[in-house]
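User: Please take a close look at one strand of this model and the elements around it, and then place that part within its chain.

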Amino acid sequence: MRNGKTHLCEIGVGRIDVAYGALVWHRDDHFVSMYEPHPIYHRILNEAGGHKDNVELHQVAIGKESGRVKLYDEATSSFLETCDSPYSQNLKSKGEEEKEPKEFFMVDVEPFDKFDKGDIDHLRLDTEGGEFYVLEKLISRPELIVLETHNHIASYINPFLYEIEEWMVENNYVKVSVDSGDSIYRRKTLTL
Amino acid sequence: MNYKEKAIESVKRGFIGSLSSKLNEKELEETFAKILKNKDKSLDRIAKYMEEKVNEGKDLNKLMDIFSMFGVILYTYIDSDVGQ
């Protein structure tokens, strides 16, 4: 909770029309923190919600360590050069030669423990293959975690799926749902 | 080690676990045969992932547990993206 409000944290937000945070940032009972390095998506999010008291918006990618890296521009599939992304894996599975996309942005990268105050209730991760870098530095233990683990034909399998599943077990989470791309994990609660 | 067989076993485990209350034995058999036919490349990719992770020292049984989730996913999309 942040200031008595349910804290939804979204890392790798993408377009505003698919942003979980934009669905709840008008609510008094929610606090929303968002991390989006893509300059265009960040600008649109900032114009729409950046002025709200209950919204915290960061133009940064979350990664293993601090630095500046290339963010290849593939719209909602934009990815860091350091990640084995769905875009790259899909190309490989089609037998197509991996070619560097023409456009890229240089973006700041930071590890997540620089931001996490331990108060996140719901966490959504969609960082194109880099989701585990958030988990391994996560201070909060959110009630719900949603993250991209696969696609429906397994032409994309999160490169850290094994490590993600191990982390979930070690940290007392259980998988409650899978769909065509995401898995949802819920923290187990103690019953007396 | 035949990782394709392990991938199939893992996915079948998830498929039966999720669908055994909805389909009878004959329907389970026929439907899983269709998954094998339509989703062969997906199973290849799962097998490849398993092999790479085992080569990194990861536990095959845990991998088989993880990939059992594809039992219901491949069933859900059994008629779409056939052969991909």
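Analyst: What follows starts from a single strand and works outward to the chain and the core. The model is a predicted one, and the part chosen here is strand β3 of chain A, which covers residues 55–58. Its two faces differ in their surroundings, since Val55(A) and Leu57(A) make up the covered face, whereas Glu56(A) and His58(A) lie on the uncovered one. Strand β2 of chain A, residues 30–35, pairs with β3(A) in the parallel sense, over 4 bridges, and within this pairing Ser33(A) stands opposite Glu56(A), a residue of the uncovered face. Between β2(A) and β3(A) the chain passes through helix α2 of chain A, residues 39–49, in a β-α-β crossover that is right-handed.

Turning to the whole of chain A, its secondary structure comes to 5 helices and 11 strands, and buried residues account for 41% of its 192 residues. Of the contacts in chain A that join residues at least 6 apart in sequence, 60% link residues at least 24 apart. The C-alpha trace spans about 55 × 40 × 30 Å along its principal axes, and the radius of gyration of chain A, 16 Å, agrees with the value near 16 Å that a compact globule of 192 residues would have.

The largest nonpolar core holds 62 residues, and those touching the most other members include Ile62(A) and Val134(A) from chain A as well as Val11(B) and Phe67(B) from chain B. Helix α3 of chain B, residues 40–55, gives the most to this core, with 5 residues.

Definitions and conventions:
Residues are numbered from 1 along each chain as its sequence is written. Chains are lettered from A and ligands numbered from 1 in the order in which they are written. This is a predicted model: local features need pLDDT of at least 70, side-chain atom pairs count only at pLDDT 80 or more; totals for chains, interfaces and linings use all residues. A nonpolar core is a set of buried Ala, Val, Leu, Ile, Met, Phe, Trp, Tyr and Cys residues joined through C-beta atoms within 7 Å. A residue is buried if 20 or more other C-beta atoms lie within 10 Å of its own, exposed if 12 or fewer, and partly exposed in between; C-beta atoms are placed from the backbone. Two strands pair if DSSP finds at least two bridges between them. A crossover is right-handed if, with the strands pointing away from the viewer, the path from the first strand over the helix to the second runs clockwise. The radius of gyration is taken over C-alpha atoms; the globule rule is 2.2 Å times the number of residues to the power 0.38. Two residues are in contact if their C-beta atoms, placed from the backbone, lie within 7 Å.
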